[in-house]
Amino acid sequence: MRTFVLLSLWIGSLVVVAVTPAAGAGAAAVAGAGTGAGAAERPNVILIISDDQGWGDFSFMGHEVIKTPRLDALAKESAVFPNGYVPSSLCRASLASLLTGLYGTQHKICCNDFPTEKDRSATHPFIKNVPTAPRLLADAGYASLQTGKFWEGHYSNAGFTDGMTEKGRHGDAGLVIGRETMKPIFDFIDRNAAEKKPFFVWYAPMMPHTPHNPPKRFLEKYAAKTDSPNVAAYYAMCEWFDETCGKLIDHLDQKNLRENTLILFVIDNGWIQDPRARDKFDPRSKRSPYDAGLRTPVLVNWPGKVKAARHEDLVSSLDLPSTILAACGVEIPKTMQGLSLLDISTGKEKSLPRDAVFGEIFTHAAAALDKPELSMTHRWMRQGDWKLILPQDANSPPQLFNIKADPTEQTDLASQRPDEVRRLRETIEKWSAALQH
């Protein structure tokens, strides 16, 4: 068995944002692009990516205060994977893995910032020169739209046929999506539906990401539920984001597109709100090797195809590109590290052929342009209930946690279970060595 490792504030005025198509993109014919599914059978795809949200910060995941009614409704009709992970807890690296199905040391887009501004554009070939889900879909005749967070310059660098981001950090012009308008997505959907062209939407709003400035109606609701105004603002952002997801799903329903649309949901990295500061996070969440930075629920929704169920299998965000390509009848490149979640989600298989997930943690700023290993701080893996965190610094000891018994990783068992540490360390070393080949 092979082991793999592995997502408008409407304030009285409408903000209209141009969505520019990439010249010549997506012109390739569908023929020969995949496993034989006909163009008429191929689904539309919506990938919803939450930005800086804790893995348990949804009512469908059991949060007692935060309300997420629209994602709850989606989860009720979906294959739900509560044990999902992203390989890295930093947004740019995580998003690059969602596009490529590769780990950070493979795609090299590991850090948000680089030694000089010039180096930012110098990293664009890293995304241009590898297969990405949007590029492969375009080759198969899909239109694909980038909105929201995207760090890799012009949207066409990742193979999108249409998009909002053309330059800049985070996502530039694309960052108005969700917070100010949903119109670019609705126009893209309507245009391609009218042309009977299958489409892919990358919905990655900068939400609930800072700035935590939710509408007053949400802020007042949560201010009454917590003593910290900073926590209230974060909670309110979570429900505001949920509301925008509902608007997107409602539009699909209104256009009679829901039945032939695959909807996927994931978080790019986690977050624990610092109650003392509006826009700060607990150091054991984002950018850390702990579950509060890495874990995410994953939803797979496709009416009439996917069975509503909860699966305890370990899954990774690296599985999502493979899942999308499999659903669309496009051959999955052998370089992609994820598994398709389609068979388990549709009930054809009872479990995934893996028993572990892995990942890497990197610094916020890169030490060198094309040497990701110099910026790596930790490697980690989870196998069954056990999770090992392995620092790159030889003077720092490994940490071992039983996630089932200790989901917030408060009790380090490394000194009590040296045999377990040794076994998992050997597994990480073998996995890491395999990435170099």
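**Reasoning from values to labels in a predicted model**

Modeller: In this predicted model, the axes of helix H7 (residues 183-194) and helix H9 (residues 229-254) come within 11 Å of each other and cross at roughly 20°.

Biologist: What makes H7 and H9 roughly parallel?

Modeller: The angle decides it: the axes cross at roughly 20°, and since angles under 35 degrees count as roughly parallel, H7 and H9 are therefore given that label. The crossing of the two helices is, in addition, right-handed, and the contact is made by Ile185, Phe186, Ile189 and Asp190 on H7 together with Lys247, Leu248, His251 and Leu252 on H9. Sorted by class, this contact of H7 with H9 comprises five nonpolar, one polar and two charged residues.

Biologist: Why is helix H11 (residues 319-327) called largely enclosed by the rest of the structure?

Modeller: Burial requires under 20% relative accessible area, and eight of the nine residues of H11 are buried, so the helix is described as largely enclosed. The buried residues are Asp319, Leu320, Pro321, Ser322, Thr323, Ile324, Leu325 and Ala327, and H11 is followed by Gly329, which has a positive phi near 75°.

Biologist: How do you know whether Gln146 is buried or exposed?

Modeller: Gln146, which lies in strand E4 (residues 143-148), has a relative accessibility of 0%, and therefore counts as buried, the cut-off being under 20%. Leaving aside neighbours within four places in sequence, Gln146 is in contact with several residues, including Tyr155, Phe160, Thr165 and Trp202; the C-alpha atoms of Gln146 and Thr165 are separated by 7.4 Å, although the two residues are 19 apart along the chain.

Biologist: Why do Lys196 and Arg287 fall into the accessibility classes they do?

Modeller: Lys196, in the loop between H7 and E6, has 74% relative accessibility and so counts as exposed, a label that needs over 50%. Arg287, in the loop between strand E7 (261-267) and helix H10 (291-294), has 41% and therefore counts as partly exposed, because this value falls between the 20% and 50% cut-offs. Phi is positive in Lys196, near 55°, although the residue is not a glycine, and Arg287, also not a glycine, has a positive phi of about 75°.

Biologist: Which stretches have a pLDDT below 50 or under 50?

Modeller: The chain averages a pLDDT of 91, with 91% of the residues scoring at least 70, but the pLDDT is below 50 over residues 1-18 and stays under 50 over residues 23-39.

Note on methods: Residues are numbered from 1 along each chain as its sequence is written. This is a predicted model: local features need pLDDT of at least 70, side-chain atom pairs count only at pLDDT 80 or more; totals for chains, interfaces and linings use all residues. Side-chain values use heavy atoms; hydrogens and water are left out. Axes are lines fitted to C-alpha atoms, for helices over the stretch in contact, and angles run from 0 to 180 degrees between N-to-C directions. Helices (H or I, at least four residues) and strands (E, at least two) are DSSP runs, numbered from the N terminus. Angles under 35 degrees count as roughly parallel, over 145 as roughly antiparallel, 65 to 115 as roughly perpendicular and the rest as oblique. A crossing is left-handed if the near helix is turned anticlockwise from the far one by less than a right angle, and right-handed if clockwise. Contact means heavy atoms within 4.5 Å. Ala, Val, Leu, Ile, Met, Phe, Trp, Tyr, Cys and Pro count as nonpolar, Asp, Glu, Lys and Arg as charged, and the others, Gly among them, as polar. pLDDT is the predictor's confidence in each residue, from 0 to 100. Buried means under 20% relative accessible area, exposed over 50%, partly exposed in between (1.4 Å probe, protein chains only).
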